[in-house]
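Work through the exercises below with the sequence and the 3D view side by side, and try each task before reading its solution.

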Amino acid sequence: MTNELIHCQGVTKQFGGFYALDHIDLDVGRGKIVGLLGPNGSGKTTLIKLLCGLLQPSAGELAIDGQRPGPYTKSIISYLPDRMYFADWMRVSDLMSFFSDFYADFDRAKAVEMCRSLAIEPGMRIKTRSKGTKEKLQLAMVMSRKAQLYLLDEPIAGVDPAARDFIMNTILTNYNESGTVLISTHLIGDIERVLDEVIFLQNGNVVRHDTVDHIRETEGKSVDALFREIFRAVPYGGDSHVW
């Protein structure tokens, strides 16, 4: 087991002539909640997909727990994508069985308890649930694993403030504390209270990687305020692409 859970050296991802990630160097340790922060089109989703092994880097070295993305790293990563991937015909119990079959670290009893707190019964069909409930169900499945790395891509985008509070509390109270949570978002104010570290991405580059406490001490401002200052010239939603 290496000290650094995530290691990136010169990691680059090109789509045609466009650099979604441009020779980034990054190390992330264990036992942390880390915000992957940046405006739309900054490279957040691309980095998460590289870590998951869903994309391959165009150049550079990438390792999770000392190994390149592959069967082992996929077994220790719990991934929440930025869109739903469940089959609507499934019942909640089918989904739990699916996770049990695929992931040795899935805690079914924990998943059942989390669903009970949401008033989601095992026999319910997923297609009968609202979009917000489906998103909470998906999060419950992801957080019911005892993973080393949780990759959460925009977990609070498009949900109401009450749902955001529930999602953040679910993450805080259910992740494996010896593992690390990487949360991608541009909604800094809603998640700042739970973060240990932040990584600012802009145009495929890491422009700052720091602890939240150090930012507050040295800058005299919140992470949200610093984010707005750094990215004030980058309009939210100005790039319709998701990289």
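**Exercise 1. Which residues have the most contacts inside the largest nonpolar core, and which element gives the largest share of that core?**

Step 1. In this predicted model, the largest nonpolar core holds 46 residues, and those with the most contacts inside it are Leu137, Met141, Met143, Leu152 and Ile171.

Step 2. The largest share of this core, 6 residues, is contributed by H5.

Step 3. Leu137 can be taken as one of the residues to inspect: once its neighbours within four places in sequence are set aside, Leu137 is in contact with Phe86, Val92, Leu95, Cys115, Ile120 and Ile126.

Step 4. A separate core of 25 residues lies apart from the largest one, and among its members are Leu51, Leu62, Ile77 and Ile199.

**Exercise 2. Determine how H4 and H5 are oriented to each other, and which residues make the contact.**

Step 1. Helix H4 spans residues 108-117 and helix H5 residues 131-143; their axes are 9 Å apart and the packing angle is about 155 degrees.

Step 2. Angles over 145 degrees count as roughly antiparallel, and H4 and H5 are therefore roughly antiparallel to each other.

Step 3. The crossing in which H4 passes H5 is right-handed.

Step 4. On the H4 side the contact is made by Lys110, Ala111, Met114 and Cys115, and on the H5 side by Leu137, Ala140, Met141 and Met143. Sorted by class, these comprise 7 nonpolar residues, 1 charged residue and no polar ones.

**Exercise 3. Work out the orientation of H5 to H3 and to H6, and the classes of residue in each contact.**

Step 1. Helix H3 (residues 92-102) packs with H5 at an angle of about 30 degrees, their axes being 11 Å apart. Because angles under 35 degrees count as roughly parallel, H3 and H5 are roughly parallel to each other, and their crossing is right-handed.

Step 2. In this contact Val92, Leu95, Met96 and Phe99 of H3 meet Leu137, Met141 and Val142 of H5, a set with 7 nonpolar, no polar and no charged residues.

Step 3. The axes of H5 and H6 cross at roughly 10 degrees and come within 10 Å, so these two helices are likewise roughly parallel to each other.

Step 4. Here Lys136, Leu139 and Met143 of H5 meet Ala163, Phe166, Ile167, Thr170, Ile171 and Asn174 of H6, and the residues divide into 6 nonpolar, 2 polar and 1 charged.

**Exercise 4. Is Thr170 buried or exposed, and what is in contact with Thr170?**

Step 1. Thr170 is found in helix H6, which covers residues 161-174.

Step 2. Its relative accessible area is 6%, and because buried means under 20%, Thr170 is buried.

Step 3. Leaving out neighbours within four places in sequence, Thr170 is in contact with Met114, Leu139 and Met143.

**Exercise 5. Place Val194 in the fold and decide whether Val194 is buried or exposed.**

Step 1. Val194 is found in the loop between helix H7 (188-191) and strand S8 (197-202).

Step 2. With a relative accessibility of 7%, Val194 counts as buried.

Step 3. Beyond the neighbours within four places in sequence, Val194 is in contact with Ile33, Met168 and Leu172. The C-alpha atoms of Val194 and Ile171 are separated by 9.2 Å, although these residues are 23 residues apart along the chain.

Note on methods
Residues numbered from 1 in each chain as written. Predicted model: local features only at pLDDT ≥ 70, side-chain atom pairs only at ≥ 80, totals over all residues. Heavy atoms only, no water. Axes fitted to C-alpha atoms, helices over the stretch in contact; angles between N-to-C directions. Helix = DSSP H or I, 4+ residues; strand = E, 2+ residues; numbered from the N terminus. Parallel < 35°, antiparallel > 145°, perpendicular 65-115°, else oblique. Left-handed = near helix turned anticlockwise from the far one by under 90°. Contact = heavy atoms within 4.5 Å. Nonpolar A, V, L, I, M, F, W, Y, C, P; charged D, E, K, R; others polar. Buried < 20%, exposed > 50% of the residue type's maximum accessible area, 1.4 Å probe, protein only. Core = buried A, V, L, I, M, F, W, Y, C linked by side-chain atoms within 4.5 Å.
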